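Hi,

Here is the structure I promised to pass on to you. Have a look at it first, and then read my notes below.

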Amino acid sequence: MELMSKPTIRVSAPEYRDRFLEAHDVAEKLKGKTVRGAALTSGAQAARFVIRFGSTAVLARLLTPKDYGLVAMAAVVTGFVGMFKDVGLTAATVQRKDITHRQVSMLFWINLLLGCVMALVLMAISPAVAGFYREPRLIAITRVLGVSFVFSGLTLQHQALLRRRMQFGTLAMLEIASSIFGVAIGIVMATLGCGYWSLVGMTVGATAANAAGVWLVVPWKPGPPRRGSGTRPLLKFGSNLFVMDILGFFARQTDMFLIGRVWGPVPLAFYEKGFNLLMQPLWQINAPLGAVIEPALARVQTDPARLRRYFLSALEIVCGISLPLVVFVAIFAREIISLLLGPAWMDCVPIFRFLAPGAAVGVMMYSWGWLVIALGQGRKYWQTGLASALVIIASFIIGLPYGAKGVAAGYSCAILLLVFPTWWYITKDTPVSVADVIRSYVPPIVACIPATGIGVFVNQVNLPSVSHWLVTLAAAASFGVIYAMVLLVGFKRLRFYRNIIRELRLAVMNV
């Protein structure tokens with residue numbers, strides 16, 4: 001009996017070669033865009049990092065911890081309400097393989113409408129916010145901060161299109177310019193004695209400048225809103241991401257909310273400033289890499305091998321850079337706080353260190369979102385977010401009676417508890433395995449162990465004739481050298497990072 005077989009499609013050798021070369025050319029173009037985007041976005045984030053920390057060093061000496069605490073109280077509420085201005089629609093624009101001008105226009109009008117509604121909502125609930133915190137000044141602060149949502153609604157889809165088209169140079173230019181404008185407003189207002197209004201002015205000013213820049217620089221203009229534009233699938237995808245954003249917000253902001261309500265503005269200021277100083281450098285790594293890798297992964301979502309390779313390379317970069325950075329700032333927390341904020345902020349130091357373990361692991365866990373968004377697994381995205389949010393919020397409540405330090409310690413314990421279950425669930429039904437993730441984690445973790453020992457030892461050396469700052473510099477250099485030697489030589493990752501640096505340098509030269 002003759003077995004039936006599937007028909008064979010024969011391809012000639014020249015045709016096969018042409019197809020292969022065409023596919024290789026597409027892959028190289030995508031790789032070039034990704035690397036170039038990473039270089040531009042990382043450069044923009046580095047510039048914003050310098051601007052932000054420079055402004056912090058200035059404003060922390062012109063303002064009081066209570067000023068920061070008041071704005072942080074309002075920021076918890078405005079941050080939550082502000083999430084409704086997007087509802088995941090920008091991510092839907094980036095992730096969608098094919099999208100029309102009509103669809104993006106409809107999403108633009110939805111974002112703008114939501115931004116205006118959220119501004120009105122904040123005006124309405126501001127008395128309740130002030131009553132909850134027992135701080136009447138929050139009425140005006142909350143209302144003014146709400147104005148920034150209108151400006152954000154005008155820019156969200158423009159920014160999403162720039163990311164989709166990998167026009168990261170334009171995004172970088174707009175981000176840097178708006179940051180400088182906002183910081184300038186904040187410093188001028190603080191110098192004039194405006195107090196906490198300086199921080200409000202800095203936020204609103206930067207958002208307004210970004211909106212003006214987007215409309216001047218980006219050629220895309222929305223059309224009129226029309227029914228039947230085919231936005232329903234985009235709204236469905238965005239809604240799944242929005243649920244995750246809501247859960248993530250509660251996981252990130254419940255600590256601020258509880259500390260502000262129970263312990264007041266000053267402990268909240270120390271906690272908020274310590275948290276931001278620790279996380280800002282990490283966000284400077286993850287945000288630009290995520291902005292570049294998400295559209296890149298979305299374009300290879302039908303090629304499992306390439307998607308796995310791209311994702312694991314990005315994860316290895318995140319682990320290799322962010323983990324030693326967290327360990328470094330934990331070791332030298334006292335010196336960093338003293339240098340950036342001044343002696344009035346030294347209560348941030350223990351909070352800084354309690355948060356460090358959670359920050360180190362948490363920033364590496366952030367990468368799982370890139371994978372599920374690229375694969376369009378929205379349900380998995382919010383389910384993981386729900387479980388994580390419940391555990392993290394429970395840890396805040398458990399640690400709250402012990403003050404800001406207890407909340408910080410609870411956060412770190414929760415993140416360490418979540419890391420392996422999260423990756424196990426996320427990697428199900430994907431080209432990536434838990435073993436792949438562990439292999440990305442191991443080299444930087446092992447490399448940090450001897451580097452930490454040497455750094456701590458050198459930093460504790462007491463030489464009467466030598467400045468403590470010189471000893472600190474020597475300790476920092478020792479930490480960096482030992483870590484680099486173990487990672488690059490011991491784990492043979494020199495070639496990997498050398499290739500990345502070479503590609504980034506070529507990308508910058510070709511900008």
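**Helix α17 and its surroundings**

The buried residues of α17 pack against α11 (304–331), α12 (333–340), α13 (348–365), α16 (403–426) and α18 (468–490). Please keep in mind that this is a predicted model. The buried positions of α17 include Asp436, Val437, Ser440, Tyr441, Pro443 and Pro444, and further along the helix Ala447, Cys448, Ala451, Gly455, Val458 and Asn459 are buried as well.

The length of α17 works out nicely: its 26 residues (434–459) should span 38 Å at 1.5 Å a residue, and the C-alpha atoms at its ends are 37 Å apart, so the two values agree. There is also a kink of about 25° at valine 442, shortly before proline 443.

**The cores**

Tyr441 of α17 turns up again in the largest nonpolar core, which has 113 residues. Tyr441 is among those with the most contacts inside this core, together with Tyr271, Phe311, Trp345, Met365 and Trp423. Helix α11 supplies the largest share, 15 residues. If you zoom in on methionine 365, you will find it touching Tyr441 and Trp423, and also Ile415, Leu418, Val419 and Thr422, leaving aside residues up to four places away in sequence.

A second, separate core has ten residues, among them Leu112, Leu162, Leu174 and Trp220. Leu162 is also one of the contacts of valine 218, along with His158 and Gly213, again not counting residues up to four places away in sequence. Valine 218 sits in the loop between α8 (197–217) and α9 (232–263). Its relative accessible area is 3%, under the 20% cut-off, so valine 218 counts as buried. From valine 218 to leucine 171 the C-alpha distance is 9.6 Å, although 47 residues separate them in sequence.

**A pocket to look at**

The second largest pocket holds about 320 Å³ of space. It is lined by 17 residues, and Phe328, Phe332, Glu335, Ile336 and Leu339 are the closest to its centre. Two or more lining residues come from each of α1 (13–62), α10 (265–299), α11, α12 and α18.

**Two backbone oddities**

Which residues have a positive phi without being glycine? One is arginine 134, with a phi of about 60°, in the loop between α4 (101–133) and α5 (138–153). Another is lysine 492, with a phi near 55°, in the loop between α18 and α19 (494–509). Arginine 134 is exposed, at 56% relative accessibility, and lysine 492 is exposed too, at 69%.

Best wishes

Technical notes
Residues are numbered from 1 along each chain as its sequence is written. This is a predicted model: local features need pLDDT of at least 70, side-chain atom pairs count only at pLDDT 80 or more; totals for chains, interfaces and linings use all residues. Side-chain values use heavy atoms; hydrogens and water are left out. Helices (H or I, at least four residues) and strands (E, at least two) are DSSP runs, numbered from the N terminus. Buried means under 20% relative accessible area, exposed over 50%, partly exposed in between (1.4 Å probe, protein chains only). Contact means heavy atoms within 4.5 Å. The expected span of a helix is 1.5 Å times one less than its number of residues. The bend at a residue is the angle between axes fitted to the seven residues ending there and the seven starting there. A nonpolar core is a set of buried Ala, Val, Leu, Ile, Met, Phe, Trp, Tyr and Cys residues joined through side-chain atoms within 4.5 Å. On a 1 Å grid over the protein atoms alone, a cavity is a set of points where a 1.4 Å probe fits but cannot get out, and a pocket is an open set with protein on both sides within 12 Å along at least five of seven lines; lining residues have an atom within 4 Å of a point. Grid points are joined across faces, edges and corners, and a volume is the space filled by probe spheres set on the points.
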